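Got the structure open in your viewer? Here's a short tour, with something to select at each stop.

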Amino acid sequence: MGSRHSLYHVLLLILCGLSALCQCSATGVEANQTAVLFVNASEASARKIPDTLFGIFFEEINHAGAGGLWAELVSNRGFEAGGPNVPSNIDPWSIIGDESSVIVSTDRSSCFDRNKVALRMQVLCDHRGTNICPDGGVGIYNPGFWGMNVEQGKSYKLVLYVRSQESINISVALTGSNGLQKLATSNIVRAADISSWKKVEILLEAKGTDPNSRLELRSTTKGVIWFDQVSLMPTDTYKGHGFRQDLFGMLKDLKPAFIRFPGGCFVEGDYLRNAFRWKETIGQWEERPGHFGDVWNYWTDDGLGHFEFLQLAEDLGARPVWVFNNGVSHHDEVDTSAILPFVQEILDGLEFARGDPTSTWGSVRAKMGHPEPFDLKYVAIGNEDCGKSKYRGNYLKFYSAIKDAYPDIRIISNCDGSSSPLDHPADLYDFHIYSSASSVFSNARHFDSTRRSGPKAFISEYAVTGNDAGKGSLLAALAEAGFLIGVEKNSEAIEMASYAPLFVNDNDRRWNPDAIVFTSSQMYGTPSYWMQHFFKESNGATLLSSSLQANPSNSLIASAITWRNSDDNNEYLRIKVVNFGTTAVALKISISGLDQNTLESSGAIKTTLTSTNVMDENSFKEPNKVSPVKAMLEKVSESMDVVLSPRSLTSFDLLRKSISSSVDTASALISSY
């Protein structure tokens, strides 16, 4: 049988080469390599892919949240960026006027106990007398995060706290970057006693557009005015939950099964005093102290806090995966003998997420507008801490306490269990890979020999980095796609996988590359972002048995799944192939195990991610230079000849068992990208 089987392969390769030559001449692509892909579509050889397999990882890095997904337009809204001491750092707030007309300082007079710093503005000029204020008055302005995006016709909610010993007349304006163009204006007039702090809310409607706008607060009346907690939010955030619509939409389009948050190194902190602590990020936004993220070196007001991350997961329809600090930072550690306060903090955080609305911390969540518990069932004890001396001791304390209180929660260890068994209990283990393109591509086989029993892998951070990646290259995306095909084929041993980092504000690149690049008004996906679209239907799909016969075989990798399109309710067979080589390949696809007449001759789509140069990147000027290109497949059968472009990711979606004849299946499939 072995010799006949080999002869059959040889014949197929010859046929493939002959048919490919004809097809290549027709398409203008010369294929000088051949390969055969065998797909067994029978139910007996198929197995279910976990419905959790592909998700996303959010870290507060590159101003991903503060100045990004979180739609707050004011940077350093509470004047706390310098910490609790005064004088404080008020950047990027700046003064309108000069020292002869206005003096700005900070003091600790705020009405909020956890963030005492307030801004004191002494106006020296007046609207009458010898020291007349300049036209428009003097005051302060905030440019936001490298410019506020103000759009004509949209509304923006301004909230601020103010006090003064005298009556006030403050003009509020959204202006162009130089302060000359008025996009929206209003006045705050208070003649009554405001010696105590007063909350002011104003709805500003934009009469013009400028992506580099700023917020101004001016006065022409001599006196002293204190400001605190100045916030400006667009009113059109997603469901009013505070998420920037366009960036949220890019996440939603990935159909993530889960979202890991809030980091990353952001969770650890360079030092524990600057680690993310969930209790400091809940409650009314005005009362949150904020903190300095000393790993990525910027201040966040923590408007995007523990509650908002859980809300984000719910809005995305994704499972929340909470990564928390286990008493370990980059430079200091809490001894296991003193870790119990940290353990209790996490138990409280779980009660906040899952507790009854009458429980101590569940009631806090309910007061924030979410009486129903969040569906939090995954937690990671630390981030990249396995090598730290206190990690295992601390880990076991957290593990025991969480399992006692919440037996259904799946706990993720930082220690890699892919090559050898863990020496401690865990439901999953974390695996990170950042490397060159060739290394990431070759790691598609890393899990081939991993044990199928015991904890499964959570590949929470993967990406090509270094010279191969640039700011997001096609080469990086192809290597990552090959790696993910390996993840698919080894999904018996892998439960979750997510790319990192997710976001970068183009004005603050702390890490390259990233999936989504943005400014105040623009955004685009890198090739790695678009690569993930090829895998978004894999969650909960059925993995088919497939084998690839190719020479050389180390530049091709393929997988096959069946999935159901929710738009047309039809079932598709999707074949994905990465050609990591530099030459085109004539591929014969041979499908067996199908029921009779279950493969439609129409409604099939070929999708390709490639470009003329393997180092091509997307940009604001060319946001879709490297993005999926779709085309109809004219001839569909159980034996097909196709050509794979060099350096490409290609998927073939073949329609099975058409249910709805009223829907244009090809159009529905194209619109799903």
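Start with the aromatic rings: this predicted model has 30 aromatic pairs. For a good example, select Trp278 and Phe352. Their rings form a tilted pair, with 5.5 Å from centre to centre and 45° between the planes. Now trace the chain from one partner to the other. Trp278 is in the loop between α3 (265–268) and β16 (291–293), while Phe352 belongs to helix α5 (residues 340–354), so the pair links distant parts of the chain, 74 residues apart. Switch on a surface and check both: Trp278 is buried, and Phe352 is buried too.

Next, pick out a group of phenylalanines: Phe58, Phe261, Phe266, Phe276, Phe309, Phe503 and Phe518. Ring pairs join them into a cluster.

Rings have charged company as well. Select Tyr141 and Arg214: the charged end of Arg214 sits over the Tyr141 ring, 3.7 Å from its centre. Then hop to Trp226, where Arg163 lies over the face of the ring, at 3.9 Å from the ring centre.

Last stop: Ser555. Where along the chain is Ser555? Look in the loop between β27 (542–550) and β28 (556–564). Is Ser555 buried or exposed? Its relative accessibility is 12%, and buried means under 20%, so Ser555 counts as buried. To see what surrounds Ser555, show Phe441, Val578, Asn579, Phe580 and Gly581: Ser555 touches each of these, leaving aside residues up to four places away in sequence.

Conventions
Residues are numbered from 1 along each chain as its sequence is written. This is a predicted model: local features need pLDDT of at least 70, side-chain atom pairs count only at pLDDT 80 or more; totals for chains, interfaces and linings use all residues. Side-chain values use heavy atoms; hydrogens and water are left out. Helices (H or I, at least four residues) and strands (E, at least two) are DSSP runs, numbered from the N terminus. Buried means under 20% relative accessible area, exposed over 50%, partly exposed in between (1.4 Å probe, protein chains only). Contact means heavy atoms within 4.5 Å. Rings of Phe, Tyr and Trp (its six-membered ring) pair if their centres lie within 6.5 Å; planes under 30 degrees apart count as stacked, over 60 as edge-to-face and the rest as tilted. A charge sits over a ring if NZ of Lys or CZ of Arg is within 6 Å of the ring centre and within 35 degrees of the ring normal.
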